[in-house]
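Q: Got a minute to go through this model with me? I'd like to start with the part I should be careful about.

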Amino acid sequence: TGTGVTGIFGILLHLHRPMAYVITIGLAAAVSFILTWFFGYKDEVKNDEIAQPAEAAQSNIEDQADGIVIYAPMSGEAIEMKDVEDDTFAAEVLGKGGAIRPSEGKVYAPFDGEIALVFDTKHAIALTGPDGVELLIHIGINTVELGGTHYKIYVIDQDQVKKGDLLAEFDMEAIAAAGYKLTTPIIVNNTDDYSDVELVARGTVRSGDPLIRLK
């Protein structure tokens with residue numbers, strides 16, 4: 001007795017009767033062939049079900065050819081980084097990208113990815129996305145000074161998120177009343193990994209619209 005596999009390698013367990021084993025395997029193959037020849041084989045997968053994944057694959061190839069798209073994490077007015085009301089962000093010290101002056105106090109996932117870090121002060125969320133994109137969403141200017149007041153976070157570190165998942169909410173009126181700008185920089189921290197970081201939207205955008213393209 002022993003533990004083994006069928007097929008060619010199974011003969012190692014039958015060295016005392018190798019011909020009997022070969023004949024048995026041959027009969028099994030012959031019976032399977034004959035039954036299939038006479039009764040056929042029906043593939044339950046429909047042609048239209050096969051076509052859909054093929055089309056999706058083609059679409060993915062086209063997306064990759066055009067670059068990696070980062071979608072707007074909030075609705076509002078898209079502006080260039082140089083127009084952000086903060087010298088550090090405007091000078092792109094932390095990386096290139098863009099910014100949004102929000103029209104509603106909600107932040108959504110800009111792509112399928114992972115939450116890398118939720119700041120203790122809740123004013124910023126870092127994500128890792130497709131092909132290693134490192135993105136920082138910084139909600140407001142100098143809002144670290146609020147210590148998390150007026151923010152509500154729905155994710156934690158290492159959470160897996162899908163594009164469009166709600167990440168955070170913030171009280172726009174309260175933050176503005178406290179004297180802080182709501183402009184939200186969206187920064188590609190690993191800018192040097194890409195040949196081009198392009199802001200593809202200007203003016204009014206809705207969450208989920210294409211915002212930044214990486215090549």
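**Confidence, then the fold**

A: Sure. In this predicted model, pLDDT (the predictor's confidence in each residue, from 0 to 100) stays under 50 over residues 45–64. For that stretch the model has two contacts (heavy atoms within 4.5 Å) beyond four places in sequence.

Q: How should I read coordinates where pLDDT is low?

A: Where pLDDT is low, the predicted coordinates should not be read in detail.

Q: And what does the protein average?

A: The average pLDDT is 87, and 87% of the residues score at least 70.

Q: Any ground rules for the numbers?

A: Residues are numbered from 1 along each chain as its sequence is written, and side-chain values use heavy atoms, with hydrogens and water left out. As this is a predicted model, local features need pLDDT of at least 70 and side-chain atom pairs count only at pLDDT 80 or more, while totals for chains, interfaces and linings use all residues.

Q: OK, how many helices and strands are there?

A: The protein has four helices and 14 strands. Those are DSSP runs numbered from the N terminus: helices are H or I with at least four residues, strands are E with at least two.

Q: What about α1, how far does it reach?

A: Helix α1 covers residues 18–39, 22 residues in total, and spans 32 Å from its first C-alpha to its last. That is close to the 32 Å expected at 1.5 Å a residue, where the expected span is 1.5 Å times one less than the number of residues.

Q: What follows α1?

A: G40, with a positive phi near 75°.

Q: Switching to sheets: in what order do β4, β8 and β10 come?

A: They form an open, antiparallel sheet in the order β4-β10-β8. Two strands count as paired if DSSP finds at least two bridges between them.

Q: Which ones stand at the edges?

A: β4 (106–108) and β8 (151–153); each has a single partner strand, so one side of each is left without a neighbour in the sheet.

Q: How many bridges join β4 to β10?

A: Three, with β10 being residues 166–170. V107 stands opposite A168 in β10.

Q: Now N190. Where is it found, and is it buried or exposed?

A: N190 lies in the loop between β11 (184–188) and β12 (197–199). It counts as buried because its relative accessibility is 9%, and the cut-off is under 20% relative accessible area, with exposed over 50% and partly exposed in between (1.4 Å probe, protein chains only).

Q: What does N190 touch?

A: G132, V133 and E134, leaving aside residues up to four places away in sequence.
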